[in-house]
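Welcome aboard! Open your viewer, set a cartoon style, and keep the selection box handy. We will walk from one stop to the next.

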There are 2 protein chains.
Amino acid sequence: MPTGVKRSSYHHGSLREALLDGARTLLTERGSQGFSLNELARRVGVSSAAPYRHFVDRDALLAELADQGYLGLRAALEETERPATTPADRIRRMGVAYLRFAADNPAVFGIMFQHRPDHEKARPLAFQPLVDVVGQAQQTGDLPDHVPPGVVARTIWATVHGLATLQLSRGFVGLGLEDSTENLVDQALTLLLRSPRPADRDRPGGPGRPGPAGSR
Amino acid sequence: MPTGVKRSSYHHGSLREALLDGARTLLTERGSQGFSLNELARRVGVSSAAPYRHFVDRDALLAELADQGYLGLRAALEETERPATTPADRIRRMGVAYLRFAADNPAVFGIMFQHRPDHEKARPLAFQPLVDVVGQAQQTGDLPDHVPPGVVARTIWATVHGLATLQLSRGFVGLGLEDSTENLVDQALTLLLRSPRPADRDRPGGPGRPGPAGSR
DNA sequence: GGGTCGATGTTAGAGTCGTCAACATGCCCA
DNA sequence: TGGGCATGTTGACGACTCTAACATCGACCC
């Protein structure tokens with residue numbers, strides 16, 4: 001019997017969930033590099049071979065954690081709908097939620113965006129809410145509509161994702177560019193969204209596209 | 001003697017460089033996760049303890065690779081100065097160079113932006129060229145100047161960095177958002193740089209503020 | 001109720017990895 | 001000429017991932 005937690009019955013009962021839960025905390029303690037399946041098993045109180053009854057691989061367990069991460073991220077993004085305001089403001093809230101999610105679950109976030117082929121299914125789920133609201137923002141004129149919504153959403157996503165990863169890797173500290181999560185997102189998106197800033201000079205009235213010329 | 005390459009003399013002669021070179025190729029083959037110091041030593045034709053005469057740690061070797069990566073990235077960014085054009089165009093070129101560097105050295109790029117405290121010294125080196133050209137772009141009116149240059153540069157960096165990491169992790173494939181490196185950068189920066197229409201990107205309207213409505 | 005069978009545990013072990021201590025080699029220089 | 005120091009090797013330890021063979025036990029069938 002391993003040195004971890006003792007239990008009365010031979011079978012654990014809900015080992016799979018216990019492993020996933022324990023993995024989350026172990027992952028935040030040790031990072032995705034130092035994460036060890038043996039140590040996880042020890043902590044949960046089972047032998048080091050037991051996890052293999054539930055996951056074919058160490059990587060399979062981490063992949064499942066990543067999948068759950070995508071669900072959590074999507075939930076966090078969708079939750080910004082509650083205080084329903086303008087599309088532009090909701091995009092800001094989404095950006096902040098994205099950075100917060102990354103800061104709160106750094107290791108899971110890292111695993112989510114590692115090169116593994118299976119994520120190509122789960123990722124669109126988390127991405128969809130942003131595409132939706134970008135479409136709305138284009139209709140209200142908060143975002144240029146001479147570009148397909150997917151392209152605009154992709155750019156916003158890249159910006160926010162870049163802020164998140166750079167913040168996680170302490171990317172801004174040596175440069176005097178540290179800032180609060182809200183400021184990071186606000187100042188970045190202000191450059192992208194042509195929205196209510198006081199210096200709101202150029203409403204791209206109607207170059208080629210008709211759109212919001214008088215609709216406002 | 002290990003099974004790798006045979007050599008005549010007892011001493012290798014230039015083991016340190018051989019290790020760094022071999023590490024780069026092994027890293028691209030196996031990824032930063034599957035990278036093994038033992039396998040590296042085997043390939044270079046040296047015992048598994050030999051690397052410790054030159055690097056205190058496995059991590060120390062990788063950190064050195066990251067430092068060299070920062071130098072290479074900075075060089076790649078500075079090289080965009082040669083075909084000297086407008087600041088806005090140079091920012092575009094820098095973005096493309098950034099994505100290319102990441103695509104050509106995926107594993108090293110990954111190591112460069114992992115949470116290690118020592119990178120906080122090397123990173124500003126690679127970042128500086130962008131800050132410089134952003135300042136120029138603000139003077140020519142290609143970028144808004146009511147925001148400190150560092151903030152604008154930080155935003156552009158985040159956008160480009162996000163594009164790079166998402167491209168590396170195949171972030172766009174499930175979404176029908178794949179695109180060429182040039183298009184990724186161009187379409188993203190077009191939303192940030194208030195430079196003219198997508199069409200006339202060769203001859204950006206020149207100095208002065210690009211008048212919003214009439215500059216077309 | 002008794003028997004069996006599959007899911008879920010355990011133990012033991014192979015093979016790899018990172019790292020260290022002790023020893024070997026040979027170039028450089030007094 | 002010979003000693004010392006940088007740079008190799010050998011051998012070993014502990015930890016890791018993963019597999020094979022065996023143990024336990026609840027569910028289901030008669």
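Start at residue 170 of chain A: just after α7(A), R170(A) takes a positive phi of about 55 degrees. One thing to keep in mind as you look around is that this is a predicted model.

**Stop 1: helix α7 of chain A.** Now step back and select residues 149-168 of chain A, which make up helix α7. This helix has 20 residues and reaches 28 Å from its first C-alpha to its last, close to the 28 Å expected at 1.5 Å a residue. Is α7(A) mostly covered or mostly open? Switch on a surface and look: 18 of the 20 residues of α7(A) are buried, so to use the definition of that word, they fall under 20% relative accessible area.

**Stop 2: aromatic rings in chain A.** Show the Phe, Tyr and Trp side chains next; over all chains, the structure holds 10 aromatic pairs. Pick F109(A) and F113(A), whose rings form a tilted pair, 5.1 Å centre to centre with 50 degrees between the planes. Both of these residues are buried. Then add Y70(A) and Y98(A) to the selection: ring pairs link them with F109(A) and F113(A) into a cluster.

**Stop 3: a ring pair in chain B.** Which parts of chain B does the pair of F127(B) and W157(B) tie together? F127(B) lies in helix α6 (residues 119-140) and W157(B) in helix α7 (residues 149-168), so the pair joins parts that are 30 residues apart in sequence. F127(B) and W157(B) are both buried. Draw a distance between the ring centres and you should get 4.5 Å; the planes stand at 40 degrees, so this pair is tilted.

**Stop 4: across the two chains.** Colour by chain and select the contact, which takes 45 residues from chain A and 43 residues from chain B. Between them, chain A and chain B bury about 4,100 Å², with 63% of that area on carbon and sulfur atoms.

How many salt bridges does the rule find across this interface? There are two. Zoom in on R154(A) and D179(B), whose side chains meet in a salt bridge at 3.4 Å, N to O.

Stay with R154(A) for a moment, and add F172(B) to the view: R154(A) lies over the face of that ring, at 5.9 Å from the ring centre. For the last selection, swap the chain letters: R154(B) lies over the face of F172(A), at 5.9 Å from the ring centre.

How values were computed:
Residues numbered from 1 in each chain as written. Chains lettered and ligands numbered in written order. Predicted model: local features only at pLDDT ≥ 70, side-chain atom pairs only at ≥ 80, totals over all residues. Heavy atoms only, no water. Helix = DSSP H or I, 4+ residues; strand = E, 2+ residues; numbered from the N terminus. Expected span 1.5 Å × (residues − 1). Buried < 20%, exposed > 50% of the residue type's maximum accessible area, 1.4 Å probe, protein only. Phe/Tyr/Trp six-rings, centres within 6.5 Å; stacked < 30°, edge-to-face > 60°. Lys NZ or Arg CZ within 6 Å of the ring centre and 35° of its normal. Contact = heavy atoms within 4.5 Å. Buried area = accessible area lost by both parts, 1.4 Å probe. Salt bridge = Lys/Arg side-chain N within 4 Å of Asp/Glu carboxyl O.
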